[in-house]
Amino acid sequence: MENSYGRMFTITSFGESHGRCVGVVIDGCPAGLPVIEADIQKEVDKRKPTSPIATTRAEAEKVEILSGITEGYTTGAPVCLLIWNTDIDSTEYERIKSLPRPGHADYTSYIKYGGFNDYRGGGRFSGRITAGFVMAGAVARKLLGSINIEVLAHTVEIGGVIAGEKEPNEIRAAVEKNALKCADMKAAEKMLKVIEQAQAEGDSVGGIIEGMALNVPVGLGEPVFDTLEGDLAKALFAIPAVKGIEFGSGFSAAGKRGSENNDPYTIQNGKVVTTTNNAGGILGGISNGMPIILRVAVKPTSSIAVRQDTVDIREMKNTTIEVKGRHDACIVPRAVPAVEAMMAVTLCDFAMRAGIIPEVIK
Ligand SMILES: Cc1cc2nc3c(=O)[nH]c(=O)nc-3n(C[C@H](O)[C@H](O)[C@H](O)COP(=O)(O)O)c2cc1C
């Protein structure tokens, strides 16, 4: 098992969906960073189910700081942050205990942990563990703020509806205005209809989240194995339901010519920049000073009411399953804060490894 991530800014995820709590321990957080519960709560609130298409699980999700922060400043000791689980209903999971949901982690975790895994609400494989990621991300974002790095994410596609391209200032201004976290309001209306249609049919849809990091200096990344893309991918694949990641022109680069895909250099205000950003801000696993641009594919929610084939794993018999319970018809909007968080945690770790973030913030 591996529940920790990062070399210098190390996060350890803990908790289960229907256990007592979910949370995170951050080890290596510099001292002197001003952090209060409200800073973390603000980020956690962004992942709350807010729309008619999301789960009806309605928790207060109140952040508690258990250690590492005193009188509003980090102390340099491990920071433990948690949220108590209060709105738990495991009845549906009792019913389907021996029937692995197609597309979920029930079968793989049952085999790997010999049936001892906490199956209730998906246990460690629930989207709820991303609450811990988001809490760590809130601290990481504050640290990155001290060196002027900003991380942003937004929905760019749901159920085949593609949003128009937007500038960072439009994304910043618009993303919290609709439940889908999409900066293109017209596309967001269409996306909502597609989700509602799928939901009415007991089904679900997936989509794509774009993440960007601005003002990243040249030089973050530790080739050859701890490349910036490699670690971002590792962190983002920890978000349940993430099934693909591309940087810059990504998979479309395979069909381009070098002359189209290369990013020409120029000097702007005394700085070396590129006139395009097909590299997504990373060359040779090292940040090149341009915005880091990545896209994350999120699969359709696996727990659906449509009847599907499965097996009874105890009786070793074929059967069928219709998943009831409380599930998002589309995970994408609620995964947006998790993408921001895991990008922030990764960049923080690399900035510390590069010595850009000191051990004490003054
Ligand atoms: C914020 C969030 C919420 C999620 N909610 C659900 C859900 O309600 N029902 C479900 O089946 N899967 C949900 N998932 C996805 C599953 O946890 C995930 O598909 C499962 O663990 C299998 O892992 P994999 O899809 O990465 O292979 C959610 C994921 C995230 C990030």
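Okay, one definition before anything else: two strands count as paired here if DSSP finds at least two bridges between them. Keep that in your head for the first half of this. And a reminder that what's on screen is a predicted model.

So let's use that definition straight away, on strand β10, residues 207-214. Who does β10 pair with? On one hand there's strand β8, residues 150-158, joined to β10 by eight bridges and running antiparallel to β10. If you want a spot to click on, Glu150 sits opposite Leu214 of β10. On the other hand there's β16, residues 292-298, also antiparallel to β10, with seven bridges. There, Gly211 has Leu294 in β16 as its bridge partner. And is β10 mostly covered or not? Mostly covered: seven of its eight residues are buried.

Stay on β16 for a second, since Arg295 is in that strand. The Arg295 side chain meets Glu246 in a salt bridge, 2.9 Å from N to O. That pair ties together distant parts of the chain, with Glu246 in strand β11, residues 242-247, and the two positions 49 residues apart. Glu246 comes out as partly exposed, because its relative accessibility is 21% and the buried class stops under 20%.

Now over to the other sheet I wanted to show. This one is open, with five strands in the order β1-β2-β3-β7-β4, and the pairing is antiparallel. β1 (4-5) and β4 (63-67) stand at the edges with a single partner strand each, so each has one side with no neighbour in the sheet. Further in, β3, residues 21-27, and β7, residues 79-84, pair over six bridges. Val25 stands opposite Cys80 in β7, if you'd like a residue pair to zoom in on. Then helix α4, residues 130-145, packs on this sheet, touching β2 (10-15), β3, β4 and β7. The direction of α4 makes about 35° with that of β3.

Next, a helix with a lot of company: α7, residues 228-237. Which of its residues are buried? Leu228, Asp231, Leu232, Ala233, Ala235 and Leu236. What covers them includes β1, β11, β14, β15, β16 and α9 (332-353). So you'll recognise β1 from the open sheet, and β16 as a partner of β10.

Back to charges. The whole structure has 18 salt bridges, and I'll pick out a couple more. Glu43 and Lys46 form one, with the closest N and O atoms 3.1 Å apart. Buried or exposed, that Glu43? Buried, at 8% relative accessible area. Lys46 counts as buried too, because 18% relative accessibility is under the 20% cut-off. Asp328 and Arg334 make another bridge, again with 3.1 Å between the closest N and O atoms, and both of those residues are buried. There's also a network: Arg7, Asp226, Asp349 and Arg353 are joined by salt bridges that share partners.

Last stop, the outside. Tyr265, Ile267, Val272 and Leu283 form a nonpolar surface patch, with about 440 Å² of accessible area together. Ile267 belongs to strand β12, residues 265-268. And why does Ile267 count as exposed? Because its relative accessibility is 60%, and exposed means over 50%.

That's my tour, happy to rotate things on screen.

Conventions: Residues are numbered from 1 along each chain as its sequence is written. This is a predicted model: local features need pLDDT of at least 70, side-chain atom pairs count only at pLDDT 80 or more; totals for chains, interfaces and linings use all residues. Side-chain values use heavy atoms; hydrogens and water are left out. Patches are made of residues with over 30% relative accessible area and no salt bridge: like charges are joined within 9 Å, nonpolar side chains (Val, Leu, Ile, Met, Phe, Trp, Tyr) within 5 Å. Accessible areas come from the Shrake-Rupley method with a 1.4 Å probe; for residues, only the protein chains shown count as cover. A salt bridge is a side-chain nitrogen of Lys or Arg within 4 Å of a carboxyl oxygen of Asp or Glu. Helices (H or I, at least four residues) and strands (E, at least two) are DSSP runs, numbered from the N terminus. Buried means under 20% relative accessible area, exposed over 50%, partly exposed in between (1.4 Å probe, protein chains only). Contact means heavy atoms within 4.5 Å. Axes are lines fitted to C-alpha atoms, for helices over the stretch in contact, and angles run from 0 to 180 degrees between N-to-C directions.
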